[in-house]
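Reader: I am new to protein structures, so please show me this one and take me through it piece by piece.

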Amino acid sequence: VTEDWVEAGTVADLQRRKRSVVEADGRQIALFWHDGEVHALDNVCIHKQRELVKGVVLNGRIVCPGHQWAYDLKTGYEQTMDRYQPCFPVKVEDGKVYVTARERTDACRPSST
Ligand code: FES
């Protein structure tokens with residue numbers, strides 16, 4: 001297994017801008033700083049390919065600018081539609097953010113709600 005973490009800028013920068021986009025393995029990954037944590041979701045909306053990074057964060061969800069589907073930042077879950085936006089693992093090391101394009105399969109699945 002190869003190391004496929006991609007550097008996605010500094011934490012300080014993300015804290016200031018609240019969001020950014022990085023490309024990893026040909027995928028656009030949107031990063032969000034929210035409640036002291038970094039979240040990484042596919043930037044391309046599963047509905048009609050609008051960019052989540054241009055959306056608004058509301059109640060812990062990123063609201064797509066296209067048609068207002070609202071994805072939970074932690075899990076990618078869209079409650080009304082019962083669909084999932086792919087999300088990705090992130091790690092923070094030495095003040096830098098790293099992300100991989102290997103989709104998360106842990107939290108990005110229905111939680112027992
Ligand atoms: S493109 Fe995202 S909700 Fe339609």
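**Strands, cores and two buried residues**

Reader: Let's begin with glutamate 93: which residue in β12 is its bridge partner?
Author: The label β12 marks a strand, and strands (E, at least two residues) and helices (H or I, at least four) are DSSP runs numbered from the N terminus. In β12, glutamate 93 has as its bridge partner lysine 96.

Reader: What kind of model is this?
Author: Residues are numbered from 1 along each chain as its sequence is written, and side-chain values use heavy atoms, leaving out hydrogens and water. Local features need pLDDT of at least 70 and side-chain atom pairs count only at pLDDT 80 or more, while totals for chains, interfaces and linings use all residues, since this model is predicted.

Reader: How many bridges join β11 to β12?
Author: Strand β12 covers residues 96-99 and runs antiparallel to β11. One bridge pairs valine 90 with valine 99. The hairpin of these strands has 2 residues between them, and there aspartate 94 takes a positive phi near 50 degrees. The number of bridges joining β11 to β12 is 4.

Reader: Which are the edge strands of the sheet that holds β12?
Author: Strands count as paired if DSSP finds at least two bridges between them. This open, antiparallel sheet has 3 strands, in the order β1-β12-β11. Pairing on one side only, the edge strands are β1 (6-10) and β11 (90-93).

Reader: Which strands are at the edges of the sheet with 4 strands?
Author: That sheet is also open, with antiparallel pairing in the order β2-β3-β4-β10. Inside it, 6 bridges join β2 to β3, and valine 22 has isoleucine 29 as its bridge partner in β3. The strands that pair on one side only are β2 and β10 (87-88).

Reader: Which element gives the largest share of the largest nonpolar core?
Author: A nonpolar core is a set of buried Ala, Val, Leu, Ile, Met, Phe, Trp, Tyr and Cys residues joined through side-chain atoms within 4.5 Å. The largest one has 14 residues, and Ile29, Leu31, Val97 and Val99 touch the most other members. Two or more residues come from each of α1 (11-17), β2 (19-24), β3 (27-34), β4 (37-42) and β12. With 3 residues, the largest share comes from β3.

Reader: How many residues are in the other core?
Author: This core lies apart from the largest one, and its members include Leu41, Ile62, Leu73 and Cys87. Its residue count is 12.

Reader: What does valine 97 touch, beyond residues up to four places away in sequence?
Author: Contact here means heavy atoms within 4.5 Å. Among the residues touched by valine 97 are Val6, Ala8, Val11, Leu14, Leu31 and Val38. The list also includes Glu7, Gly9, Thr10 and Lys91.

Reader: Is aspartate 42 buried or exposed?
Author: Aspartate 42 is found in strand β4. Leaving out residues up to four places away in sequence, aspartate 42 touches Arg27, Gln28, Ala30, Leu52, Gln85, Pro86 and Phe88. Buried means under 20% relative accessible area, exposed over 50%, and partly exposed in between (1.4 Å probe, protein chains only). Because its relative accessible area is 8%, aspartate 42 counts as buried.

Reader: What is the relative accessible area of threonine 100?
Author: Threonine 100 sits in the segment after β12. Not counting residues up to four places away in sequence, threonine 100 touches Asp4, Trp5, Ile29, Phe88 and Pro89. Threonine 100 is buried, and its relative accessible area is 0%.
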